[in-house]
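Let's take a friendly walk through a protein chain, one place at a time. Keep the 3D view open as you read.

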Amino acid sequence: MRSWWAPLSVLSTAGLGSTFWWQKKADPVQTDLDSCKDPPSSEQSSSQYELKLVQVLFRHGARTPLKSIPDVLEAQWVPDLLEVPNHTNIDYVVTDLQGGPRPNALVEDNYRSKKLSGGTYPGQLTTVGMQQLYDLGVRLRKRYIQDVAFLTPSFSNKEVYIRSTNIIRTIESAKCLVAGLYQQKQTDVVSILTEEAEREILYPNYHGCKQLKLRSGYRWAESSTLPDIASDLQSIQSALGVQPEQHLDFILIRDDMVARETHGLPCPAVLHSWRARVEQRAVDMIYHIYDPANRVNLQLCVGPLLHTFLNNMEMNVQNNALIKDRKLFLYSAHDTTLMPCLMALGVFDMRWPPYAADITLELYQHRKTNQHYVKVSYVGQDQKIPGCSDVYCPLEEFKQAMSKYALPEESYRTLCNSTQDVPERSSSATSRL
């Protein structure tokens, strides 16, 4: 998913032009090994802590590119690459958040207005991507059904809540994950809930947030003009033989390059020597666009989603009747969702999230003290959240750490509708969804 949302502070090009991710002194991602004291082993945690709730935010699987690099060797994105494996099929229905008809999918309509070379549409989940999400489901199955009998072996809507962005690749990714998690065993028809584009919170939504839209355009354009990025972009365009008027950028190059590599399709030879630099510059760009040092920016990007995570935990702690039997929340989203979430959590490792990457939040209760704890993992690796005393983070500490960014919907809407402190250089963002 590619929406171009700009951070909220205005920093001069001169001030940022030569400082990039490999020069930053940011703390590396911390795992359980980084904690000052040894966290509980799995055996210890199972004896001391009772798992109460799991929430998984994940990126969709491998897909066709959103746009091919112009004027270079064309990859053939043929329909055979999108065949659905039988083991990923389940009985499911897609609705709005209230269980009514699925909203109009404006982003998907945009994809289907054009075709890639080979005959498929941009941004479509491939067979490889379907398998990646099935495999993620198998990993979750091992952890929550086989190793610990937390979930029942057959899918139930009472036990599992599934929400996806209203885009086919994320909907299909959710379906494939559930197929792997439950091995196609289901008590109910699987419900996958979606929201209309204007009110979506599963990605930074400049379509529905005026403040974010007002601040996004200049920041996106500026990211390609930072001196070192601009110099490298000019060099790679020349090496690829792409004319300057094509308005190429490193995020577009990376998107096409990674999609080709993942599916074993030919890449222009030039990209082999440029691969590491493309990865670096794409991250430099997105870091500049999101500008995680700006609190309000991350609030606008993922504030409502973080609030949702916290609210789900609080309802579980309070034994709220509305979610009495619910044990698992699944959120099917995008790289542009995971990155600002990782930034807000303080564990962004300055690497682009791979296909099928997941952020998992587990809520535990201590068997003796009854105190609640939160454990966060990213692609299967436990993370120590800044502001938390341990990998097993006391819930109140976790809530305090997230209070800087989490926003209830009413506060989010108020902030979105605000026109104060809008940079004079701001311009309308160009949609690349």
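H366 is found in strand β6, which covers residues 358–366. This is a predicted model, and every value below is computed from it. Is H366 buried or exposed? Its relative accessibility is 12%, and buried means under 20%, so H366 counts as buried.

Now look at the company that H366 keeps. Leaving aside residues up to four places away in sequence, H366 touches Q48, Y49, Q371 and Y373. Take Q48 from that list: Q48 and H366 are 318 residues apart along the chain, yet 5.8 Å separates their C-alpha atoms. The side chain of H366 also has a polar atom that lies 3.1 Å from the backbone nitrogen of K368.

Two of the residues touched by H366, Y49 and Y373, turn up again among the aromatic rings. Together with Y364 and Y392, they are linked by ring pairs into a cluster.

**Strand β5 and its partners**

Next, find strand β5, residues 328–333. How many of its residues are buried? The count is 6 of 6, so β5 is mostly covered. Its side chains take two directions: L328, L330 and S332 point one way, while F329, Y331 and A333 point the other way. The residues on both sides are buried.

Which strands pair with β5? The table shows two partners, with a residue pair you can look up for each.

| Partner of β5 | Direction | Bridges | Residues standing opposite |
|---|---|---|---|
| β1 (residues 49–59) | parallel | 6 bridges | F58 and S332 |
| β3 (residues 160–164) | parallel | 5 bridges | I162 and L330 |

**Rings that meet**

How many aromatic pairs does the structure hold? There are 10. One of them joins F309 and Y331 in an edge-to-face arrangement, with 5.6 Å from centre to centre and 70 degrees between the planes. F309 lies in helix α10 (residues 295–317) and Y331 in strand β5, so this pair ties together parts that are 22 residues apart in sequence. Both F309 and Y331 are buried.

A ring can also have a charged neighbour. K327 lies over the face of F150, at 5.3 Å from the ring centre.

**A residue in helix α11**

Move on to T337, whose place is in helix α11, residues 335–345. What is its relative accessible area? The value is 0%, so T337 is buried. Setting aside residues up to four places away in sequence, T337 touches L57, L202, Y203, V302 and L305. Two of these belong to elements you have already met: L57 falls within the residues of strand β1, and V302 within those of helix α10.

**The whole chain**

Finally, zoom out. The secondary structure of the chain comes to 13 helices and 9 strands. Of its 433 residues, 56% count as buried, with H366 and T337 among them. The accessible surface comes to about 18000 Å², and 49% of that belongs to carbon and sulfur atoms.

What share of the contacts between residues at least 6 apart in sequence joins residues at least 24 apart? The share is 81%. The contact between H366 and Q48, 318 residues apart along the chain, is a good one to locate in the view.

Key: Residues are numbered from 1 along each chain as its sequence is written. This is a predicted model: local features need pLDDT of at least 70, side-chain atom pairs count only at pLDDT 80 or more; totals for chains, interfaces and linings use all residues. Side-chain values use heavy atoms; hydrogens and water are left out. Buried means under 20% relative accessible area, exposed over 50%, partly exposed in between (1.4 Å probe, protein chains only). Helices (H or I, at least four residues) and strands (E, at least two) are DSSP runs, numbered from the N terminus. Two strands pair if DSSP finds at least two bridges between them. Contact means heavy atoms within 4.5 Å. A polar contact is a pair of N or O atoms within 3.5 Å; within protein, one must be able to donate a hydrogen and the other to accept it, and residues adjacent in sequence count only if both atoms are side-chain atoms. Accessible areas come from the Shrake-Rupley method with a 1.4 Å probe; for residues, only the protein chains shown count as cover. Rings of Phe, Tyr and Trp (its six-membered ring) pair if their centres lie within 6.5 Å; planes under 30 degrees apart count as stacked, over 60 as edge-to-face and the rest as tilted. A charge sits over a ring if NZ of Lys or CZ of Arg is within 6 Å of the ring centre and within 35 degrees of the ring normal.
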